Amino acid sequence: MLENLLLGFQTALTLENVIWCFVGVFLGTVIGLLPGLGSTTGVAILLPITFALEPVTALIMLAGIYYGAQYGGTITSVLISTPGEAASVVTTIDGYQMAKRGRAGAALAISAIGSFIAAIISLALLIAIAPPLAEIALEFGPVEMFAVMILGLVIVVTFQGGAFIRGAMMAVAGLLVATVGIAPGTGEERFTFGNINLLSGIPFVEVMIGVFALGEVFYQIRVGAAKPIKARFKDMVIKRKDITDSMPAILRGSGIGFALGVLPGAGSTLASFMSYGIERRVSKNKANFGKGAIEGVASPESANNAAANANFVPTLALGIPGGATTAVLLGAFTIFGLQPGPLLFEQQPELVWGLLVSFFIGNVLLLVLNLPLAPVFAQMLRIPYGYLYPIILLTSLIGAYAVSNNMFSVWLVLVFGVLGYLMKELDLPMAPFVLGLVLGPLFEKALVQTSAIGQGDLGVVFASPIAVGVLVLVVAMIVLPKVIGPLRRVITARLAERKERAAKEHTGV
């Protein structure tokens, strides 16, 4: 393994590869800043300019665009509640609240630090156990993925703590919106109303831009624009306590992100949502989640980056894309005459290990590039909102149009912008709705395939030990909080009584 690592550094640390890696992460950051583009679109658009490069150099640059775009999406999520990337949606929950409290710089800095640490952890795991993990990932068929999707939905509907019913209601609403289009089992049209634009379903990007960006603008216009944040520059800088408080969340997020990123199709979005949901349950700072908890930024951002790296396990070892962006990268391998799979590690060791090591180099470049700039980015919040809102509206609508080059996307964004405004007015949680929309197609596909495997009997799920283990975890997550909460209150009350009794005995009362 050490020989492979040295070979990877020798390949990735050439001047040409480092320069193109920097170009990739820089362009990725810029692409992530633009609502509606994201890493998948960015890699697809910039793929042609890599044809003149050596295969390893081209793939290093494209991978740099991948994780650079994720950080760019974080910047807009924190500053203006507009996720540039699907995986950055959950970051808006606490990141934007931190920005409104004058702590945008700290939120962006902890995102960069968390992503860097996650990159180191995931890279170490990737190098050490990529081939065995790829074999384990093969065990996750439709039945097992069906159980994983149920787990994802259960975690997310509990985002609101005690508001389980509202979370479940919004998750179901997201699942219903995801049913628009062609049914995967029968090929029939559903809820398209004769509109050919809806045959492929309601695109996630348009919903994301509308609900978060336009919804926030419409809400702020209604309540009256808040005064620009006048935090001092030193208030924008991250403190040592912030890093200390966030470290457990970063480590947990890295582990969760890597575990989910290995599974084909799970992707960074599910990893970031699940990481946030779990962190909210285990954190000592539960009450501050949703109000600007720095752990609420550190955990999903770490999971996001770890999952992005882990996506390359099935891509390189099996030739199966781990997500949408790695599917585009898989096409790039084909264009360069390469066949991902078990033999790639033996036939092209320089390319494989050079690409893997470049993840570390790219994240170092991102850290050096963005950590000092985090307070500078945060100064955007000093701009009067009367000037900022038109910019947000313009970039959002242009981004929506750029997705499919037709006005239908713009109308969708406006419709979901109104819906996002109503959600904020009624205090309905957006995160379960968004993840319901993300998981809907994956959930339905796994459901149809599982039903086909069992010939209409979903009981086939209980024949899989992995699926049963996941479902046991689902039940535990629903039941245990209802049992542990009252039990904890009883224990706390008894301890308080004993303490009071001991105090009285000590004073002789």
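**Aromatic pairs around Phe360**

The structure holds five aromatic pairs. The model is a predicted one. Two of the pairs are followed here, beginning with phenylalanine 9 and phenylalanine 360.

The ring centres of phenylalanine 9 and phenylalanine 360 lie 6.4 Å apart, and the ring planes meet at 75°, so this pair is edge-to-face; the cut-off for that class is over 60 degrees. In the chain the two residues are distant: phenylalanine 9 belongs to helix α1 (residues 2–12), phenylalanine 360 to helix α16 (residues 349–370), and 351 residues separate them. Phenylalanine 9 has a relative accessibility of 28% and therefore counts as partly exposed. Phenylalanine 360, at 26% relative accessibility, is also classed as partly exposed.

Phenylalanine 360 has a further ring partner in phenylalanine 116. Here the centres are 6.2 Å apart and the planes stand at 40°, so the pair of phenylalanine 116 and phenylalanine 360 is tilted; an angle counts as tilted when it is neither under 30 degrees nor over 60. This pair, too, links distant parts of the chain, with phenylalanine 116 in helix α6 (residues 104–138) and phenylalanine 360 in helix α16, 244 residues apart. Phenylalanine 116 has a relative accessible area of 17% and is therefore buried, the limit for that class being under 20%.

Taken together, Phe9, Phe116 and Phe360 form one aromatic cluster. Phenylalanine 360 pairs with phenylalanine 9 edge-to-face and with phenylalanine 116 in a tilted arrangement.

Conventions. Residues are numbered from 1 along each chain as its sequence is written. This is a predicted model: local features need pLDDT of at least 70, side-chain atom pairs count only at pLDDT 80 or more; totals for chains, interfaces and linings use all residues. Side-chain values use heavy atoms; hydrogens and water are left out. Rings of Phe, Tyr and Trp (its six-membered ring) pair if their centres lie within 6.5 Å; planes under 30 degrees apart count as stacked, over 60 as edge-to-face and the rest as tilted. Helices (H or I, at least four residues) and strands (E, at least two) are DSSP runs, numbered from the N terminus. Buried means under 20% relative accessible area, exposed over 50%, partly exposed in between (1.4 Å probe, protein chains only).
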